[in-house]
Amino acid sequence: MAVTEQLNEILQGLRAAIPELSGALIASTDGLAIATSVAGGDSNRMAAMVATALSLGKRITDTFGGGGLKETSVVGEQGQIYIYSAGSKGVLAVIAASEANVGLIHIESRDAAARIAHLLG
């Protein structure tokens, strides 16, 4: 099976495991969309923004000596996005409503990010 198909299956699995998700995407650390499952909006723009957020998070953890960045989040009044490092080449982002189960999001997404990192090398 091609890598792109495997990445899309990971996104489908996340959407099935976490019904509250309104979107999920995998981007390169350069900000290019690799696989998306986002209803509405501009996936390419979102990919660029999450890669930038991951890069900024890495700079922040480097500055305070926090080690390698694993994840970061942006929480608004009506929604939230969690951004996970997926190895040295990838970024996983999941989008959910503000009342979504954060524990379930982290359990499923951390596992997915590890599988994505393995696939992207």
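## Exposure and the case of Ser22

A residue counts as buried when its relative accessible area is under 20%, as exposed when it is over 50%, and as partly exposed in between. Ser22, at 38% relative accessibility, therefore counts as partly exposed. The structure discussed here is a predicted model, and the same wording about exposure returns for several residues below.

Ser22 is found in strand S1. If its neighbours within four places in sequence are set aside, Ser22 is in contact with Arg15, Ser37, Ala39, Ile95 and Ala96. Ser22 and Ala97 are 75 residues apart along the chain, and yet their C-alpha atoms are separated by 7.3 Å.

## The sheet

In what order do the strands of the open sheet lie? The 5 strands follow the order S2-S1-S5-S4-S3, and their pairing is antiparallel. Strand S2, which covers residues 33–38, and strand S3, which covers residues 71–75, are the edge strands, each of them pairing on one side only. Averaged over the sheet and with direction ignored, neighbouring strands are turned by 10 degrees against each other. As background, the strands of a sheet pair through backbone hydrogen bonds, and they may do so in a parallel or an antiparallel way.

## Strand pairs and hairpins

Strand S1, made of residues 21–28, runs antiparallel to strand S5, made of residues 90–97, and 7 bridges join the two. One place to look for this pairing is Leu25, whose bridge partner in S5 is Ala93. Strand S1 also pairs with S2, again in the antiparallel sense, over 5 bridges, and here Gly23 has Val38 as its bridge partner in S2. The hairpin of S1 and S2 has 4 residues between the strands, and in this hairpin Gly31 takes a positive phi near 95 degrees.

Towards the S3 edge of the order, S3 and S4 pair in the antiparallel sense over 5 bridges, and the bridge partner of Val75 in S4 is Gln80. S3 and S4 form a hairpin with 3 residues between them.

## Helix H2 and the loop that follows

Helix H2 takes in residues 43–64, and Ser43 has its place in this helix. Is Ser43 buried or exposed? With a relative accessible area of 17%, Ser43 is buried, because the limit for that word is under 20%. Apart from its neighbours within four places in sequence, Ser43 is in contact with Leu25, Ala33, Thr36 and Val38. Two of these names have already appeared in the strand pairs, since Leu25 is bridged to Ala93 in S5 and Val38 in S2 is bridged to Gly23.

Leu56 is also found in helix H2, and together with Ile60 and Phe64 it makes a nonpolar surface patch of about 330 Å².

Gly67 is found in the loop between H2 and S3, and its relative accessible area of 38% makes it partly exposed. When residues up to four places away in sequence are not counted, Gly67 touches Thr61 and Asp62. Gly67 and Gln78 are 11 residues apart in sequence, whereas from C-alpha to C-alpha they are 31 Å apart in space.

## Helix H3 and the salt bridges

Helix H3, residues 102–120, lies across S1, S2, S3, S4 and S5, and it runs at about 35 degrees to S4, the strand of residues 79–86.

How many salt bridges are counted in this model? The count comes to 2. In one of them, Arg110 is joined to Glu71, with the closest N and O atoms 2.7 Å apart. This pair links distant parts of the chain, given that Arg110 is in helix H3 and Glu71 is in strand S3, 39 residues apart. Both partners are partly exposed, Arg110 with a relative accessible area of 44% and Glu71 at 24%.

In the other salt bridge, Arg115 is joined to Asp111, and the closest N and O atoms are 3.2 Å apart. Arg115 and Asp111 both lie in helix H3, 4 residues apart, which is about one turn of the helix. Arg115 is partly exposed, with a relative accessible area of 39%, and Asp111 is partly exposed as well, with a value of 40%.

Terms used: Residues numbered from 1 in each chain as written. Predicted model: local features only at pLDDT ≥ 70, side-chain atom pairs only at ≥ 80, totals over all residues. Heavy atoms only, no water. Pairing = 2+ DSSP bridges. Axes fitted to C-alpha atoms, helices over the stretch in contact; angles between N-to-C directions. Contact = heavy atoms within 4.5 Å. Buried < 20%, exposed > 50% of the residue type's maximum accessible area, 1.4 Å probe, protein only. Patch = residues over 30% accessible without salt bridge, like charges linked within 9 Å, V, L, I, M, F, W, Y side chains within 5 Å. Areas by Shrake-Rupley, 256 points an atom, 1.4 Å probe, with all protein chains shown as cover. Salt bridge = Lys/Arg side-chain N within 4 Å of Asp/Glu carboxyl O.
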